[in-house]
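This report describes the fold and the side-chain contacts of one protein chain in running text. It begins with charged pairs, moves on to a central strand and its surroundings, and ends with aromatic rings.

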Amino acid sequence: MSGSSSWFGVQLLAVICLTSLVTPVVSSPPHIIFVVADDLGWNDVGWHNPAMITPNLNRFARNGVILNSSYVQYYCSPSRNAFMTGYFPYHTGLQHGVIMGGEPRYVPSNFTMLPQLLKKVGYKTHVVGKWHLGMCNWKYTPTYRGFDTYFGYYNGAEDYYTHITGHGFDMRLNTSVAKDPNKTHFDYLFTQHAVDVIQGHDDPSTPLFLYLPFHLCHAPLQVPAKYENMYKQIQTKDRRIYCGMVSMMDEALGNITQALEQAGLMDNTLLIFTTDNGGPVIHGANNWPLRGAKTTMMHAVDWFPTILYLAGSQPDSKIDGVNQWDMLSTGGDSKREEFVYNIDTILNSTAIRYKDYKLMTGSPGIFNDWYPLPKDDVAMPPSPEYFDDGQLADVVSKKKRNPRLYNIRLDPEERNDLSETEPDMMTFMMNRLQQWMKSGVPPQNSPSDPKGDPKNWGGVWTPGWC
């Protein structure tokens, strides 16, 4: 797929490594390792920026398929929603911001998740890492939504060492609280548990689905000194630590794939690596030369139907995803001609794509400029409009902005607004937007519920209050 960018977000940074590029056989479906980096920027991997030390990712990029024009959402929860359900978030109610601690928001239980379908065709299913798709009721948590096992945290971020977010402890092994008296960096715990899952997969003929949503490289910026020291030449402290977090994640991926090789699983494995949204420029990430950052809106790639096709299962025909296996395996054209980046009626922000054209109305998001690498030791100050992790300021929705139109193929950095010079295309795109909007559902927007406060649950973030 050809390169392009997105004002409504830096597009999906994705690699798909297919160790067996053959037509899938239902009797022998591939093992699937689905890796999601948290807050990774376009310019934060070695094949875009040689200063980044990502040898394992680079190896898979060289031997796999790099997707330069596929899209994720502007925040964590909406993208993960699309990964797990195959639906645009404006069809599930998770199109606005993210699920904050104590908010009774979730993927509704009438949506079937990917692991539930994979289990029907014989997969063992595991998730290690960040959930962020709802936890106010047990039925919204991983082991109730198709995963055989779970190790990770429910909320959007946690201290890497104390495993506390807000004022509550947040780390689980299946449904039990996972203790860590040594306060080990979460990435070490994450990697070891993923390796244990792989080593415990006794029968290579049984397909494995391992979903690995990393906490890295999300704030807080915390990494052992040896990784930060890999970037001593970087003057800006936040950028230096952030880059160290990227390299720590890369090392973890190397250890996990080595375990797959030792277990004899790699000969028939589909390895997917993606970010969940653009990199947050105020936390050291970088998306240059593309426009935008975390908090600007995007679309989720069609992993859901593609994975199900390879696994020998079929999704509901009503899902928004489109099977892209032919394009991925042969280098042909994508079967998708149009999609919805997002439709957020709270922010009055929308964006859609039709072939080469992209239409945006309302607010493009908070960070919607171009941000080169920092040159000094001063971290980028927060924008007056910026509230991290979903707390979007009212000023974003109140600013009046005319609709904008871009040709993404010819203008991947989205610098030339065509809304006045191509009026016919503008009219066509506005009509398409109206058609898409008819199928939307109201966004979930419930405030934090005091019943979910960890102080009511022994100081631990715990389901069971909605």
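How many salt bridges does a search of the whole structure find? In this predicted model, the search finds 16 salt bridges. Three of these pairs are set out below with the closest nitrogen-to-oxygen distance for each.

| Basic residue | Acidic residue | N to O distance |
|---|---|---|
| Arg-336 | Asp-302 | 2.7 Å |
| Arg-409 | Asp-356 | 3.0 Å |
| Lys-358 | Glu-414 | 3.3 Å |

The salt bridge between Arg-336 and Asp-302 joins two loops: Arg-336 lies between helix H8 (325-330) and strand E12 (338-344), and Asp-302 lies between E11 and helix H7 (303-311), so the pair ties together parts that are 34 residues apart in sequence. Arg-336 has a relative accessible area of 14% and is therefore buried, and Asp-302, with a relative accessible area of 5%, is buried as well.

The side chains of Arg-409 and Asp-356 also meet in a salt bridge, and this pair links distant parts of the chain, with Arg-409 in the loop between strand E15 (404-407) and helix H10 (423-437) and Asp-356 in the loop between strand E13 (349-354) and strand E14 (357-361), 53 residues apart. Here Arg-409 is partly exposed, with a relative accessible area of 48%, and Asp-356 counts as partly exposed at 24% relative accessibility.

Are Lys-358 and Glu-414, which meet in the remaining salt bridge of the table, buried or exposed? Lys-358 counts as buried because its relative accessibility is 0%, and Glu-414 counts as buried at 0% relative accessibility. Lys-358 lies in strand E14 and Glu-414 in the loop between E15 and H10, so their salt bridge ties together parts that are 56 residues apart in sequence. Elsewhere, Asp-38, Arg-80, Lys-130 and Asp-276 are linked in a network of salt bridges.

The protein chain as a whole contains ten helices and 15 strands, and 62% of its 466 residues count as buried. Among contacts between residues at least 6 apart in sequence, 74% join residues at least 24 apart. The accessible surface of the chain comes to about 17500 Å², and 51% of that surface belongs to carbon and sulfur atoms.

Strand E2 (residues 31-37) is mostly covered, seven of its seven residues being buried. The cover extends to both faces of E2, with His-31, Ile-33, Val-35 and Ala-37 buried on one side and Ile-32, Phe-34 and Val-36 buried on the other. Which strands pair with E2? Strand E11 (residues 269-275) pairs with E2 in the parallel sense over seven bridges, while five bridges join E2 to E10, and these two strands also run parallel. Val-35 takes part in both pairings, since its bridge partner is Phe-273 in E11 and Leu-212 in E10.

Ala-37, which lies in strand E2, has a relative accessibility of 0% and therefore counts as buried. Leaving aside its neighbours within four places in sequence, Ala-37 is in contact with Phe-214, Leu-216, Met-249, Phe-273, Thr-274, Thr-275 and Asp-276. One of these residues, Leu-216, is 179 residues from Ala-37 in sequence, yet the two C-alpha atoms are 6.3 Å apart in space.

The structure also holds 20 aromatic pairs. In one of them, the rings of Phe-147 and Phe-209 have their centres 6.1 Å apart and their planes at 20°, so the pair is stacked. This pair links distant parts of the chain, because Phe-147 lies in the loop between strand E4 (124-130) and strand E5 (149-153) and Phe-209 in strand E10 (residues 208-213), 62 residues apart. Phe-147 counts as buried at 3% relative accessibility, and Phe-209 counts as buried at 0%. Both rings belong to one aromatic cluster formed by Phe-34, Phe-83, Trp-131, Phe-147, Phe-209, Tyr-211 and Trp-303.

Aromatic rings also meet charged side chains in this model. Arg-59 lies over the face of Phe-60, at 4.6 Å from the ring centre, and the charged end of Arg-415 sits over the ring of Trp-370, 4.0 Å from its centre.

Note on methods
Residues numbered from 1 in each chain as written. Predicted model: local features only at pLDDT ≥ 70, side-chain atom pairs only at ≥ 80, totals over all residues. Heavy atoms only, no water. Phe/Tyr/Trp six-rings, centres within 6.5 Å; stacked < 30°, edge-to-face > 60°. Helix = DSSP H or I, 4+ residues; strand = E, 2+ residues; numbered from the N terminus. Buried < 20%, exposed > 50% of the residue type's maximum accessible area, 1.4 Å probe, protein only. Lys NZ or Arg CZ within 6 Å of the ring centre and 35° of its normal. Pairing = 2+ DSSP bridges. Contact = heavy atoms within 4.5 Å. Areas by Shrake-Rupley, 256 points an atom, 1.4 Å probe, with all protein chains shown as cover. Salt bridge = Lys/Arg side-chain N within 4 Å of Asp/Glu carboxyl O.
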